[in-house]
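Please open the structure in your viewer and keep the selection tool at hand. The tour below goes from one selection to the next and says what is to be found at each.

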Amino acid sequence: MPSRACLTGLAAAAGGTVVLALACVHTHSPREPYAEGACGTAPTSRVLAEDAGEHRVRRPPPDSPGRGLAYTAKVDCESVGASDLFLAYEELASGSPGIRAHRHPHMDEILIIRHGSAVVSLGGAETPVADGGVVYIARNTVVSVRNTGTTPLSIAFIFPHSGYG
């Protein structure tokens, strides 16, 4: 998270005038440990169609071998050269286990419910959410998502660093 460090100083100038000097520098917190420092390609502005993006599969959790969850990376280092942003779409089938409880210790997340209905647990507190709902997940918050509808739950998730995907 960006922060600002400032130095101030007072100095007497000719004629008895006092000058106040203020100098500030913006600093950034360390990036996610596995995030790359740079993409290697310059960021390129783009319009991405609904079906555009790279289809990927997350590794399954160690306690649940089998197939991982599929998602589509829309904005990241590889797709548009974005080193400071990650956006992906995912669909969770009705009746599926959904997104198991987990946390991201080094970065916040934004979850957007595109279509469907769900129950989101943030730190153990469950809240229903539906079409167009937005969930802000502060770093280190334990989160899980369960599809409560009869149709697939379509979500978008955003991270502040491309290193997520």
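Two strands count as paired if DSSP finds at least two bridges between them, and the strands themselves (E, at least two residues), like helices (H or I, at least four), are DSSP runs numbered from the N terminus. This is a predicted model, in which local features need pLDDT of at least 70, side-chain atom pairs count only at pLDDT 80 or more, and totals for chains, interfaces and linings use all residues. Residues are numbered from 1 along each chain as its sequence is written, and side-chain values use heavy atoms, with hydrogens and water left out.

Begin by selecting β12, residues 153-159. β7 and β12 pair in the antiparallel sense over five bridges, and within this pairing isoleucine 112 has alanine 156 of β12 as its bridge partner. β5 also runs antiparallel to β12, joined to it by seven bridges, and here glutamate 90 is partnered by isoleucine 155 of β12. Six of the seven residues of β12 are buried (under 20% relative accessible area with a 1.4 Å probe, protein chains only; exposed is over 50%, partly exposed in between), so this strand is largely enclosed by the rest of the structure.

Next, select the largest nonpolar core, a core being a set of buried Ala, Val, Leu, Ile, Met, Phe, Trp, Tyr and Cys residues joined through side-chain atoms within 4.5 Å. It has 20 residues, and those touching the most other members include Phe86, Leu111, Val120 and Phe157. Among the elements that give two or more residues to this core are β4 (70-75), β5 (86-92) and β7 (109-115), while β12 gives the most, with four residues.

Now centre the view on valine 120. Leaving aside neighbours within four places in sequence, valine 120 is in contact (heavy atoms within 4.5 Å) with residues including Leu111, Ala125, Val135 and Val145.

Which strands form the open sheet, and in what order? Four strands, ordered β6-β11-β8-β9, form it with antiparallel pairing, and the edge strands, β6 (99-102) and β9 (125-130), each pair on one side only. Select β8 and β9 together to find six bridges joining them in antiparallel fashion, with alanine 118 facing valine 129 of β9 as its bridge partner.
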